[in-house]
Amino acid sequence: MDKNDKICRPGEKSKIEIGDIILVHPALLKIRGYIIEFPPLSIISPSCKEEIESPNWVEGYTVTGKEKVLFLEGKKEIEGEIEVKCPRFLPAITLKHALGKVKLKINDERFDGIVLVGINELPILLLKAGQVTVTTTQLKNYLEPLAYSVYYYISSENNESS
């Protein structure tokens, strides 16, 4: 990551683009003269507003456009706390802290794959054969970066350490 790159906090960016970097570990960055910690799910992108004043090393995933991310339209309404099924998946822990208790409409017809995030034992984010499935189209500004961050953990060729 270079000087003059720009960064958004979790939930601030509504659409992920090729070349965006999704943080998977916290990063200390100099913004407006201050050292500020940015959590996982923060996004480095030209369309963000906060300018990074000094180059730094970040641990993140660079979106390539080759990822398979599927969002399913939901009909079943559920309410509850975000459940992180894999404690090493730091972006999901950030999601849990950012959102806490949520109300969502999920697609409960498709339970195929490894559940990484759920609510009330129902899957919100699953992984199967290299495809990440999100069972709702709501909260996309949080769930889309979360879905792409899964690829940091399952692929070694696209990890970004800059």
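In the predicted model, K13 is placed in the loop that connects β1 (6-8) with β2 (21-23). The relative accessible area of this lysine is 6%, and K13 is therefore classed as buried, the limit being under 20%. Two acidic side chains engage that of K13. The side chain of E17 forms a polar contact with the K13 side chain at 2.7 Å, and a further polar contact, of 3.0 Å, links the side chains of K13 and D20.

Beyond residues up to four places away in sequence, the contacts of K13 comprise C8, D20, I43, S45, S47, C48 and N141. D20 thus appears both in this list and as a polar partner of the K13 side chain. For I43, which is 30 residues from K13 along the chain, the separation of the two C-alpha atoms is 7.7 Å.

Backbone conformation was examined next. Most residues other than glycine have a negative phi. L41, although not a glycine, adopts a positive phi of about 80 degrees. This leucine is situated in the loop between β4 (34-38) and β5 (43-44). With a relative accessibility of 1%, L41 falls under the 20% limit and so counts as buried.

A positive phi, here of about 50 degrees, is also found at A129, again a residue that is not a glycine. The loop that holds A129 runs between β13 (122-128) and β14 (131-134). The relative accessibility of A129 is 74%, which is over 50%, and the residue therefore counts as exposed. The two positive-phi sites accordingly lie in opposite surroundings, since L41 is buried and A129 is exposed.

At the level of the whole chain, the secondary structure of the protein consists of two helices and 15 strands. The radius of gyration is 15 Å, close to the 15 Å obtained from the globule rule for 162 residues, so the protein is as compact as a globular protein of that length. The C-alpha trace extends over about 45 × 30 × 25 Å along its principal axes. Of the 162 residues, 47% are buried. Among contacts between residues at least 6 apart in sequence, 68% connect residues at least 24 apart.

The exposed surface of the protein amounts to about 8,300 Å², of which 49% is contributed by carbon and sulfur atoms. Regarding charge, the protein carries 21 positive and 23 negative charges, and the mean positions of the two sets are separated by 3 Å.

Notes
Residues numbered from 1 in each chain as written. Predicted model: local features only at pLDDT ≥ 70, side-chain atom pairs only at ≥ 80, totals over all residues. Heavy atoms only, no water. Helix = DSSP H or I, 4+ residues; strand = E, 2+ residues; numbered from the N terminus. Rg over C-alpha atoms; globule rule 2.2 N^0.38 Å. Buried < 20%, exposed > 50% of the residue type's maximum accessible area, 1.4 Å probe, protein only. Contact = heavy atoms within 4.5 Å. Areas by Shrake-Rupley, 256 points an atom, 1.4 Å probe, with all protein chains shown as cover. Lys, Arg positive; Asp, Glu negative; His and termini not counted. Charge placed at Lys NZ, Arg CZ, Asp CG, Glu CD. Polar contact = N/O pair within 3.5 Å; in protein donor to acceptor, adjacent residues only side chain to side chain.
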